[in-house]
Amino acid sequence: MNNYETLMKRCFELARQGEGAVSPNPLVGCVVLNKDGEVISEGYHSKYGENHAERDALLKLHNGEERGGTLVVNLEPCSHFGKTPPCADLIIERGISKVVFAMRDVNPKVDGVKKLTDAGIKVVSGILENEAKKLNDVFIKNITERKTFVALKTATTLDGKIATSNGSSKWITSENARNEVKVIRNRYDAILTSSSTVIADNPTMAHRKKIILDRNLKTDLTANIYKKGQVYIFCSGKSCIDGNITYIDTPVNDEKLDISFILEKLYELGIYSVLVEAGGKLNGSFLPYTDKIYHFIAPKITSDNTSRSAFDGKLITDINDSQQFIFDEVKEFPPDLLLTYYPMDIS
Ligand SMILES: NC(=O)c1ccc[n+]([C@@H]2O[C@H](COP(=O)([O-])OP(=O)(O)OC[C@H]3O[C@@H](n4cnc5c(N)ncnc54)[C@H](OP(=O)(O)O)[C@@H]3O)[C@@H](O)[C@H]2O)c1
């Protein structure tokens with residue numbers, strides 16, 4: 001027997017298949033049941049500009065078997081014309097009797113609930129709402145704050161170290177964990193790192209868009225990171241496009257590039273989410289702007305206080321001045337763990 005929570009979890013799974021392809025749209029999955037409660041179709045939003053999940057699922061049905069049935073979806077169905085016509089209209093046209101969804105759409109243009117209830121469709125909302133909000137944390141921030149979502153990934157020992165004092169860092173975590181990093185990168189519009197990390201590690205960080213913070217242009221353009229993808233280098237005093245590289249002249253405060261300026265610029269460039277993968281200094285500077293942290297932990301202890309810490313941003317003398325977070329989940333990538341957490345003030 002299907003219950004709404006099980007069906008909603010299936011919607012989340014379907015929705016995740018659009019990761020990396022739907023930005024700036026939300027991740028949405030949909031399940032359709034006939035009037036006897038049997039699953040008859042599934043769909044998801046697979047790419048920006050393509051059909052929404054409800055339309056994808058309903059257009060697979062050709063014989064009216066959805067009439068009198070239920071449609072389950074993780075986001076309130078849209079009621080406005082965007083790149084595609086309103087999903088609420090198709091739901092009404094197809095004779096669905098009940099719509100079950102997880103969260104209201106934060107886009108003020110959408111009022112699917114009104115359109116559906118006006119048409120006599122029963123609406124049930126709030127099923128796994130918190131999980132649905134986490135799934136679409138990027139979309140929510142983009143729509144409600146008009147700002148780029150900042151995620152940060154770090155990999156540390158149990159004593160919070162990312163490298164020894166001389167920079168040795170390969171590899172702290174296992175191949176299992178490093179494979180998961182590739183999955184995480186794909187969720188975001190771009191990855192972001194620093195001149196220091198490019199010089200120390202010569203990482204590839206495979207991604208379609210890469211952002212490097214390199215104030216004095218000291219990285220070598222033959223480095224692995226520049227080989228593929230579109231690259232944006234934030235620096236001081238240069239502003240031009242050269243092949244796949246866009247140089248962006250950036251204000252400097254206290255010998256550091258201005259992070260607020262960089263984030264505003266990214267939003268202007270249509271980069272609505274970014275994954276920061278850097279060392280302690282840049283992580284420290286990004287911490288106040290970070291919306292979510294992916295923290296891999298290897299079962300190792302350097303026991304060396306001179307090893308480099310994952311966050312190296314400020315000097316505090318009172319432990320109560322630490323920034324506070326809320327743990328979200330723990331996953332195992334044996335032998336390592338992945339801890340995800342959000343800053344305390346996120347709702
Ligand atoms: N374990 C992990 O997850 C992981 C991930 C990445 C790196 N690492 C390790 O981290 C080490 C490098 O760490 P790090 O602390 O030396 O360097 P970092 O934090 O990666 O980068 C610091 C550099 O970023 C640039 N930068 C530009 N704007 C900045 C700002 N507002 N705030 C801070 N930095 C800014 C500065 O260089 P410019 O003046 O040239 O702009 C600065 O020197 C390497 O050994 C690497 O192996 C570990």
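A residue counts as buried if 20 or more other C-beta atoms lie within 10 Å of its own, as exposed if 12 or fewer do, and as partly exposed in between. Keep that scale at hand for this tour of a predicted model, and try it out straight away on Asn202. Asn202 has 13 C-beta neighbours inside 10 Å, so it is partly exposed.

**Stop 1: Asn202 and its loop**

Select Asn202 and look to either side: you are in the loop between α8 and β9. Its phi is near 45°, a positive value in a residue other than glycine. Most residues other than glycine have a negative phi.

**Stop 2: the two domains**

Now zoom out and colour residues 4-136 as domain 1 and residues 147-343 as domain 2, following the domain assignment. The C-alpha centres of the two domains lie 35 Å apart. Where they touch, domain 1 brings four residues and domain 2 brings five. On the domain 1 side of that contact you have one nonpolar, two polar and one charged residue.

**Stop 3: the sheet of five strands**

Select β2, β1, β3, β4 and β5, in that order, to walk across an open sheet with mixed pairing. You start and finish on its edge strands, β2 (39-44) and β5 (122-124), each of which pairs on one side only. From one strand to the next the twist averages 15°.

Next, show β4 (residues 98-103) beside β5: the pair is parallel and has three bridges. Label Lys98 and you will find Lys122 of β5 opposite. Then add helix α1 (residues 4-16), which packs on this sheet and touches β1, β2, β3 and β4. The direction of α1 makes about 135° with that of β1.

**Stop 4: helix α6**

Move to α6 (residues 137-145). Which residues of α6 are buried? Select Val138, Phe139, Ile140, Lys141 and Asn142 to see them. These buried residues pack against α5 (129-135), β6 and β15. Just after the helix comes Arg146, with a positive phi near 55°.

From Asn142, draw a distance to Asn107: their C-alpha atoms are 9.9 Å apart, although 35 residues separate the two along the chain. Asn107 sits in the loop between β4 and α4 (112-118). It has 18 C-beta neighbours inside 10 Å, so it counts as partly exposed.

**Stop 5: the sheet of ten strands**

Here is a longer walk: β11, β12, β10, β9, β8, β15, β6, β16, β19 and β18 form an open sheet in that order, with mixed pairing. β11 (240-242) and β18 (325-333) are the edge strands, pairing on one side only. The average twist between one strand and the next is 20°.

Begin at β11, which runs antiparallel to β12 (residues 245-249) and is joined to it by three bridges. Asp242 has Ile245 of β12 opposite it.

Then select β10 (residues 230-235). Why is β10 largely enclosed by the rest of the structure? Five of its six residues are buried, so the rest of the structure surrounds most of this strand. β10 pairs in the parallel sense with β9 (residues 209-213) over five bridges, and Lys209 stands opposite Gln230 there. With β12, β10 also pairs in the parallel sense over five bridges. Label Tyr232 in β10 and Thr246 in β12 to see bridge partners.

Finally, show α7 (residues 175-186), which lies across β6, β8, β15, β16, β18 and β19. It runs at about 35° to β19.

**Stop 6: around the ligand**

Centre on the ligand, which is surrounded by 30 residues. Which of them are the closest? Select Ser194, Ser196, Arg215, Gly279 and Ser285. Helix α8 (195-201) gives the largest share of the shell, five residues. Other elements that supply at least two residues each include β6 (149-156) and α10 (280-286). Colour the shell by class and you get ten nonpolar, eleven polar and nine charged residues.

**Stop 7: backbone details**

Most peptide bonds are trans, and two cis ones are worth a look. Find the bond joining Lys170 and Trp171, which is cis with omega about -10°; Trp171 lies in the loop between β7 and α7. Then go to the cis bond from Pro334 to Pro335, with omega near 5°. Pro335 is in the loop between β18 and β19.

End at Ser303, in the loop between β16 and β17 (308-309). Its phi is positive, near 60°. Is Ser303 buried or exposed? It is exposed, because 10 other C-beta atoms lie within 10 Å.

Terms used
Residues numbered from 1 in each chain as written. Predicted model: local features only at pLDDT ≥ 70, side-chain atom pairs only at ≥ 80, totals over all residues. Domains from an automatic or database assignment. Contact = placed C-beta atoms within 7 Å. Nonpolar A, V, L, I, M, F, W, Y, C, P; charged D, E, K, R; others polar. Near = placed C-beta within 6 Å. Helix = DSSP H or I, 4+ residues; strand = E, 2+ residues; numbered from the N terminus. Pairing = 2+ DSSP bridges. Axes fitted to C-alpha atoms, helices over the stretch in contact; angles between N-to-C directions.
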